[in-house]
Amino acid sequence: MFNKEFIERNKLFGFILLFVLFFSCQGKKDEDKSVREQVSINEGWSFYKYKTASDADSLIYDVRPEVGKVNDNKDADSKPTEAVIAETKQTVLKPWVLPSGNEFIKDAVNKYVRPEGNPGSHFPFVQADFDDSSWEKVNLPHDWAIKGPFQTGWNSEVGGGMGRLPSNGVAWYRKKLDISASDAGKSVFLDIDGAMSYAIVWLNGNLVGGWPYGYASWRLDLTPFLVPGGLNQLAIRLDNPNYSARWYPGGGIYRNVWLIKTDPVHVAQYGTYVTTKDISEESATVDLEVTIENDSQSNATVEVNTQVYTLDDEGNEIGDAVARFSPVEANVVAGEKARVKASVKIKNPKLWGPSPTQYPNLYVAVTTVLKDGNPIDTYETRFGIRSLEFDPEKGLFVNGEHITIKGVNNHHDLGALGAAFNTRAAERQLEMLREMGCNAIRMAHNPPAPELLELTDKMGFLVIDEIFDSWELKKTPHDFHLIFPEWSEPDIRSFIRRDRNHPSIIMWSFGNEVGEQYTGESGAVVAQRLYDFVKEEDPTRPTTLAMNFAKSYMELPVVPDVIGLNYQGEGIRQDPEFEGTDRIRTKPQYNAFRERFPAKVIYSSETASAFSSRGFYTFPVSDAISSITRDGRGGDSKMAHVSSYELYAVDFGSSADKVFGMIERHPFVAGEFVWTGWDYLGEPTPYYKARSSYNGIIDLAGFKKDRFFLYQSHWRPELPMVHILPHWNWPERIGQTTPVHIFTSGDEAELFLNGKSLGKKKKGEYEYRIRWDDILYEPGELKAVAYKEGKVWAEKLVKTTGEATQLVSAPDRAIIVADGKDLSFVTVQISDSEGLLVPRSNHQIKFTIEGPGEIVATDNGDQTDMIAFTSHERKAFNGLALVIVRAKAGESGMIRVTAESPGLESVTIEIQSK
C-alpha cells in the first residue's frame, strides 16, 4: 500500500507519534493508578515462630478446650460430637476482633461493638522500634510448616491426620509499610486472601482487627491508624492450633496480601454483582449491581458508568466495548453505602462453557465512579455469560447442552509446596486433570484461593464452591465449631460475595458430612439458617450439602436445593464382615432419594475413596470389582502401601469400576466428584504413620497412578488409548499367576505375551476394564491392541527392562518467567540403557542447580517418605522423582539442573528463565 520512499520519509514522524502515544498511555495509566491502587505487599516480611505453645505470648483470640487423648487415625466418617465449652479465665481479644465481620452481618442488632482499650499496644512485637533483624526473612505466600521436619511415630505432636508437619503454633509477621504523603485523605485497606489461622492485626501499635477462619479472605480498614508520609509498622499474629483439621491445614499467611488505596467514595469490597439472563445466540441480558461506599464526612452524589469488553485467553481486553450500561446516579450518605442497578443487552454473546465441548469465553465489566465529572474510582469485574439448568431426570445442562459431571475433589495443599498458593502449581494440577477427562472440581472443604477460581474460569472447569466441614458439632477438638456461633454468618456471606461473579461456579455447598445429619430437626434448623444466608447473597445458583449419613426420610436433605451424596449411592460397608459393628452401614441410596425428592437433582459429591501407591502391586489380586483394603487384600501394613491394581478402597468407599456401574445404572444421577484428584498431605488412611493420602488419582508429586488411565478410558471415550498394568519386572514371580488388566476407551482388546496371543476379550455391560487373571509370569514383552467397533483403536507395549543405568529428566516447561513465582516441574526417571523406566528402582538422587534459579522442593510421591521436601537429595519411588525449580525474580538466563546417583549416568537439563 505504501512505497519504500514514503515509509523512509515518514519514519521520523512515526517515531515521534509512537513517543507521544506511549507517554499519553503512560499518563492514562498514572491517572488510573491515582484512582484505585491494588499493591502487592508480599515481599520483605520478618517472621518469627515460638518454639513451643508454652513460650507463646498471651494475646489470644479466645481460650480453647483442653485436649486429652486424640485418636488421630479414626475413620473419616466417624460421627461428630458435641462441642466442649472452655471457661475463660484471662483477657482475650475476641471482643476487639469480632467487629471485623460486621460488614457481613445483615441484622444491625447482631453486629458487634468494639470495646474501649487497645490490647497488645505495649507488646514489643507491635512496636515500630522493635528490632526484628534476627527474624527469618520471608516472602508471601508463606507456609511455615512445609519445610518440616516431619514428625514420626504414634506419639508425635502432630499426627498423620494433619500431615506430620509442624503446622501448629503461634507466630508473628512484621512489615513496614511506606505510605506516601499523597495517600493522605484516601481510604486504605489491608486485604488478606488467607491466613492460617486466628489472625490478629496491629498497625502502629493499634489493634486493628482480625479474622479467625483460616480459609477466609478478609479486609481491614487501616485508614484510622495510618500515618501518611512515612513508615507504618504492620504486625500480624497467627495462632494455628493442633487438632484443628482432618487434613494438612498449613500454617502462616499462605495466600496473597494486598494494600488497596481508594478515594473515600469508592466501589465497596466485593461491590459488584453480575448476573445474566435471556441468553440466546442473538443476545443476552446482563444485570449489574454496584455498591458504592462513602467513607468521607459528607454526602456524595456520584455517577456510575460501566462498559463491557471481551477478554482474550490471557485475560486482556479485546478491542472496543461490546456494551455500555446507561449511567446511573447514586446519592451516598456519609459513612454509608448505596446500591445502584443497571441492565444491558450484549449482541451475539460469546458464551462461557466447560471444556472440551464448549469454550470458556470471558468478559470484563469496567465500572467508573465519577464525582463532578471526574473519575474517582475504577473497578473491574470479570464474568461469563452462560445458562444453567438442573433437571432431576437428566442432571445438568450448560447452555442447553447436557453435561455429565466428571469431577474430582481436591484439598488446598500443593504437595511439596504445602499450602502456600502458587498459580502455576495449581494450573499444573488442573491441566493434568483435564487431560484425564475431568470437567469439574469440588473445593473440599473450604473456600479456595481467589486465583484458583480465576483458573477454573479460564480453563473451563465447573466448580462446587464449598465453605464448611463442620458446624456446631466437632470432628476434631479445635476445628471450626469453636467459632461457628459468631462467624458462620460473616464467613458465609463474605465467601459468596467474593466468588459469585465466577461463571465456573455452578453450586454453593455450605456443609460437608456435618454432625447435624444426626440431630434431626435441630440440625435442619441450623442448615436452614445457612441456606438463607446463601440465597440472600446469590439466589441464582442452587445450594447443596454433602451427606454421608443423612437418609432420604430425615430432616436435613429437605433443606438444600440439590442432593449431594457421599458414598451412599454405591452403598456403605455392605460386606458381611461389617454386620454387627457400630460403623455407618448403608444400602445403595440413589433410588431412595429419587423417590423422596423427585424434583431435586441428585449427584455424588464424593465417590470411590479408592487407595493406591503408584507402581506398587500385591498378590493375589481380588477377583471382585471392588474390595476393602487389608493385609493380603491389596494392603501391606509393613510397607504401608496399597496395590495399584486399583480395586481397593476405604471401608466406606468403592473402586472406580463400582462407581461407574452404579452411576450408569441410575441415569438421573448428574455425575460424580471422585475422592480425590490428587493425593494430599494428611489423612493417610489406611496407614496413619504415613504423611499423605492414598486416595489420589495422581500422586503427591504429580505422577499418574494407573487409576488415571481407568478414569481417562471412561471419561474420554473419543480418545484412542490403552493402558496395561502392572509393569513387567517380576523376576521372583516366574511361573506364578500375575494378572494383567487393561484400561481402554475401546470396547475390546487382545493381549500378547512375547508375541503369543492370549485372546481377545470384550468389555461386558457395566465393565470398565478387561482382565486376564490367569497369566503365568515370564519376562519379555506385553502388548495390548485395543479395538473399537471391530477396528484397531490403540496399542501399548510394556517390556521387562534391563538394569538401571542412567537418569533421564524432562521439565514440564523449558521456559519460565523470571518473576520469583513461576515454576518448572522436572521429572527425573531411572532408566535402563534403552531409556525405559525401571519400575522398582529406588535409587538415591542428588540435585544441584546453576544459574538464575533455585530448587524449591523435591518429592517422589511416596506416602511414607519422611525426608523434608526442601531436601536436595531424595530417593526415587518406583523409578520416579520430582524437583521443583523456581526462577529468581528479575534474573533472566539459563538454569541448569543436574541429577546424580551413584552407579548411574547423570543428567542435566536446561530451563530458560525470561
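Trainee: In E38, which residue is the bridge partner of Ala749?

Mentor: Lys761 is the partner of Ala749 in E38. Please keep in mind that this is a predicted model. The pairing between E37 and strand E38 (residues 756-762) runs in the antiparallel sense, over five bridges.

Trainee: How many residues lie between E37 and E38 in their hairpin?

Mentor: Two residues lie between them, and Asn754 in that turn has a positive phi of about 50 degrees.

Trainee: Which other strand pairs with E37?

Mentor: That is strand E40 (residues 781-788), again antiparallel, with six bridges to E37. A handy point to find on screen is Glu750, whose bridge partner in E40 is Val785.

Trainee: How should I read the two faces of a strand?

Mentor: Start with the general idea: in a regular strand, side chains alternate between the two faces of the sheet. Now look at E37 itself. Glu748, Glu750 and Phe752 are on one side, while Ala749, Leu751 and Leu753 are on the other.

Trainee: Are those two faces of E37 covered or open?

Mentor: Both faces are covered, and the residues on each side are all buried. Counted along strand E37 (residues 748-753), six of its six residues are buried.

Trainee: Let's turn to cores. Why look for nonpolar side chains in groups?

Mentor: In soluble globular proteins, nonpolar side chains tend to be buried together. Here the largest nonpolar core has 184 residues, and the members touching the most others are Tyr173, Ile236, Trp471, Phe510 and Ile742. Helix H7 (residues 520-537) supplies the largest share of this core, seven residues. Apart from this core lies another one, of 29 residues, including Val286, Val302, Ala338 and Val344.

Trainee: What does Ile742 touch, leaving aside residues up to four places away in sequence?

Mentor: Its contacts are Val722, His723, Ile724, Ala749, Leu751, Arg769, Ile770, Trp772 and Ala784. You have already met two of those names: Ala749 and Leu751 sit on one side of E37.

Trainee: Next, enclosed spaces. How many cavities of 30 Å³ or more does a search of the whole structure find?

Mentor: The search finds seven. The largest cavity holds about 280 Å³ of space. Its lining has 23 residues, with Tyr213, Tyr215, Ser244, Asp479 and Phe480 closest to the centre. Sorted by class, that lining is eleven nonpolar, eight polar and four charged residues.

Trainee: Which residues lie nearest the centre of the second largest cavity?

Mentor: Look for His411, His412, Phe421, Pro448 and Leu452, which are among the 19 lining residues. Two elements give two or more residues to this lining, helix H4 (423-436) and strand E23 (440-443). H4 gives the most, with three residues. The volume of this cavity is about 220 Å³, and its lining divides into twelve nonpolar, five polar and two charged residues.

Trainee: And for an open space, what is the volume of the second largest pocket?

Mentor: About 1,200 Å³. Of its 38 lining residues, Asn102, Glu103, Phe104, Glu293 and Lys337 are the closest to the centre. Elements giving two or more residues to the lining include strand E12 (283-294), strand E16 (337-347) and helix H6 (484-499).

Trainee: Which element gives the largest share of that pocket's lining?

Mentor: E11 does, with six residues. By class, this pocket lining has 15 nonpolar, seven polar and 16 charged residues. H7 is also among the elements that give two or more residues here, and you may remember H7 from the largest core.

How values were computed: Residues are numbered from 1 along each chain as its sequence is written. This is a predicted model: local features need pLDDT of at least 70, side-chain atom pairs count only at pLDDT 80 or more; totals for chains, interfaces and linings use all residues. Side-chain values use heavy atoms; hydrogens and water are left out. A nonpolar core is a set of buried Ala, Val, Leu, Ile, Met, Phe, Trp, Tyr and Cys residues joined through side-chain atoms within 4.5 Å. Buried means under 20% relative accessible area, exposed over 50%, partly exposed in between (1.4 Å probe, protein chains only). Helices (H or I, at least four residues) and strands (E, at least two) are DSSP runs, numbered from the N terminus. Contact means heavy atoms within 4.5 Å. On a 1 Å grid over the protein atoms alone, a cavity is a set of points where a 1.4 Å probe fits but cannot get out, and a pocket is an open set with protein on both sides within 12 Å along at least five of seven lines; lining residues have an atom within 4 Å of a point. Grid points are joined across faces, edges and corners, and a volume is the space filled by probe spheres set on the points. Ala, Val, Leu, Ile, Met, Phe, Trp, Tyr, Cys and Pro count as nonpolar, Asp, Glu, Lys and Arg as charged, and the others, Gly among them, as polar. Two strands pair if DSSP finds at least two bridges between them.
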